Amino acid sequence: AAAADSQPHMDGEMISQTGFLVLQPCPERFSELWVLCSGSDRPMKLDDWKHFEQGFFTIYFDSGEELADHGGGCGLGWHELKPEYNFTVRYCKRPLFDGLSPKNAAVVHFACAKPWDWAQKNFSPAPYVKMYLEFAKAAGIVWKTVECSADRARDRVNQDKMREIQARGGLG
């Protein structure tokens, strides 16, 4: 189960937001995913899928044609979680989150707006940073700024892809 991604350009297509997933453990499924994601026969790297790992997981659970040559996906489909299970602070003004706030959300997600990451902290609205700091203090978490290396790696991949597109003369 996953909440839908909030990006409006998805034209109503369900793309799973993999920042918060609920999965039923299964050794067979883990083995399939391991081979498709990291094995030598993998179709492509996760960063090469449309919408990255979110697109891959959506295709896998929906048995998308992109995996037909690799044994297909599992075909279980998605149980869509309500938006309050993935309230994304950076995109809190998007229609998906109308009527939601941290006060009535079950999960607050700092996707691309992590207040503890120096490169993303300014993308998180101040009230949410304050909320996070209060939570961290109450939980006894010592505050320090860290770099989110996975996010930085994705940023570098995206920058490389943009340079390739520009070198080929753009999108057109």
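The legends below describe an overview and several close-up views of a predicted model.

**Figure 1. Overview of the predicted protein model.**
The protein has 172 residues, of which 33% are buried. Its secondary structure consists of 4 helices and 5 strands, arranged along the sequence in the pattern β-β-α-α-β-β-β-α-α. Taken along the principal axes, the C-alpha atoms fill a box of roughly 50 × 40 × 35 Å. The accessible surface amounts to about 11100 Å², and carbon and sulfur atoms contribute 55% of this area. Among contacts with a separation of 6 or more, 47% join residues that lie 24 or more positions apart.

**Figure 2. The open sheet formed by S2, S1 and S3.**
The sheet contains 3 strands in the order S2-S1-S3, with mixed pairing. Strand S2 (16-21) and S3 are the edge strands, each pairing on one side only. Strand S1 (residues 2-4) pairs with S2 in the antiparallel sense, over 2 bridges. At the level of residues, Ala4 has Ser16 in S2 as its bridge partner.

**Figure 3. A nonpolar surface patch made by Phe30, Trp34 and Val35.**
The patch covers about 360 Å². One of its residues, Val35, is located in helix H1 (residues 27-38). The relative accessibility of Val35 is 44%, so this residue counts as partly exposed, the class that lies between buried (under 20%) and exposed (over 50%).

**Figure 4. The backbone at Ser63, in the loop between helix H2 and strand S3.**
Ser63 is not a glycine, yet its phi is positive, at about 50°. The loop that holds Ser63 runs between helix H2 (52-61) and strand S3 (80-81). Is Ser63 buried, exposed or partly exposed? With a relative accessibility of 36%, Ser63 is classed as partly exposed.

**Figure 5. The backbone at Cys112, in the loop between strand S5 and helix H3.**
Cys112 has a positive phi of about 60°, although this residue is not a glycine. Cys112 sits in the loop that links strand S5 (108-109) to helix H3 (126-138). The relative accessibility of Cys112 is 36%, and therefore Cys112 counts as partly exposed.

Key: Residues numbered from 1 in each chain as written. Predicted model: local features only at pLDDT ≥ 70, side-chain atom pairs only at ≥ 80, totals over all residues. Heavy atoms only, no water. Buried < 20%, exposed > 50% of the residue type's maximum accessible area, 1.4 Å probe, protein only. Pairing = 2+ DSSP bridges. Patch = residues over 30% accessible without salt bridge, like charges linked within 9 Å, V, L, I, M, F, W, Y side chains within 5 Å. Areas by Shrake-Rupley, 256 points an atom, 1.4 Å probe, with all protein chains shown as cover. Salt bridge = Lys/Arg side-chain N within 4 Å of Asp/Glu carboxyl O. Contact = heavy atoms within 4.5 Å.
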